[in-house]
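Please look over the structure below with the questions that follow in mind, and try each one before reading its answer.

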Amino acid sequence: MQNTQSFLKPGYKTFDLILTAMLVALVFLSTFLNIKLPIAANGGLVHLGTAMLFIAAFLFGPKKAALAGAIGMALFDLAGGWALWAPITFVSRALEGYIVGKIAWSNGRNGNSLAFNLIGAIASMPVMIGVYYIGEGIMYGNWVQPVASIPGDVVQNILGVIVSLPVCIALKKVPYFKR
């Protein structure tokens, strides 16, 4: 029988779980800082949850960012009266967080490259927008109506980049993040 004991430092799994839960909570809470866009019937929301997802990806990598984004924003949908959107949000934000984190942390960069952080954020945007577009198309039974949500999704992601990059530049100066 194979030994399933962890080779991690004692308490690391607990710390890892607590850190991930805190990131979920931060994404959830920052999503409440939002503005409903007056674009068509469902122009969407612009919120700081995307910025927090990017911050999680740049500081902690793809797995934590995927979990924080997916769970945090899907919980917001459930708590904020958008329950129908929760499954779409879960998939979209999990993929977005994973892509950003994977690129930002590629080749041992650990989110320390401003250029790769930006590339990761930009590369994740079409995936996030595409998942919402497909989900909305299925939800509404047509492929024209979801087009109205795309400008809001783009604005939300641009705002996320504008907020997250300077925050992470500052946080990377904190000894904990200098790895």
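**A nonpolar patch and two loop residues**

Q: Which element gives the most residues to the nonpolar patch on the surface?
A: In this predicted model, L67, I71, L75, L78, F90, V91 and L95 form a nonpolar patch on the surface, and together they have about 570 Å² of accessible area. The elements that give two or more residues to this patch are α3 (62–79) and α4 (86–104). With four residues, the element that gives the most is α3.

Q: Is L78 buried or exposed?
A: L78 is placed in helix α3, and it is one of the residues that form the nonpolar patch. A residue counts as exposed when its relative accessible area is over 50%. Because the relative accessible area of L78 is 52%, L78 is exposed.

Q: What is the phi of N107, and where is N107 placed?
A: Most residues other than glycine have a negative phi. N107, a residue other than glycine, has a positive phi, near 50 degrees. N107 is exposed, with a relative accessible area of 72%, and its place is in the loop between α4 and α5 (114–140).

Q: How does N110 count by its relative accessibility, and what is that value?
A: N110 is placed in the loop between α4 and α5, and its phi is positive, near 50 degrees. Buried means under 20% relative accessible area and exposed means over 50%, with partly exposed in between. N110 therefore counts as partly exposed, at a relative accessibility of 23%.

Conventions
Residues numbered from 1 in each chain as written. Predicted model: local features only at pLDDT ≥ 70, side-chain atom pairs only at ≥ 80, totals over all residues. Heavy atoms only, no water. Patch = residues over 30% accessible without salt bridge, like charges linked within 9 Å, V, L, I, M, F, W, Y side chains within 5 Å. Areas by Shrake-Rupley, 256 points an atom, 1.4 Å probe, with all protein chains shown as cover. Salt bridge = Lys/Arg side-chain N within 4 Å of Asp/Glu carboxyl O. Buried < 20%, exposed > 50% of the residue type's maximum accessible area, 1.4 Å probe, protein only.
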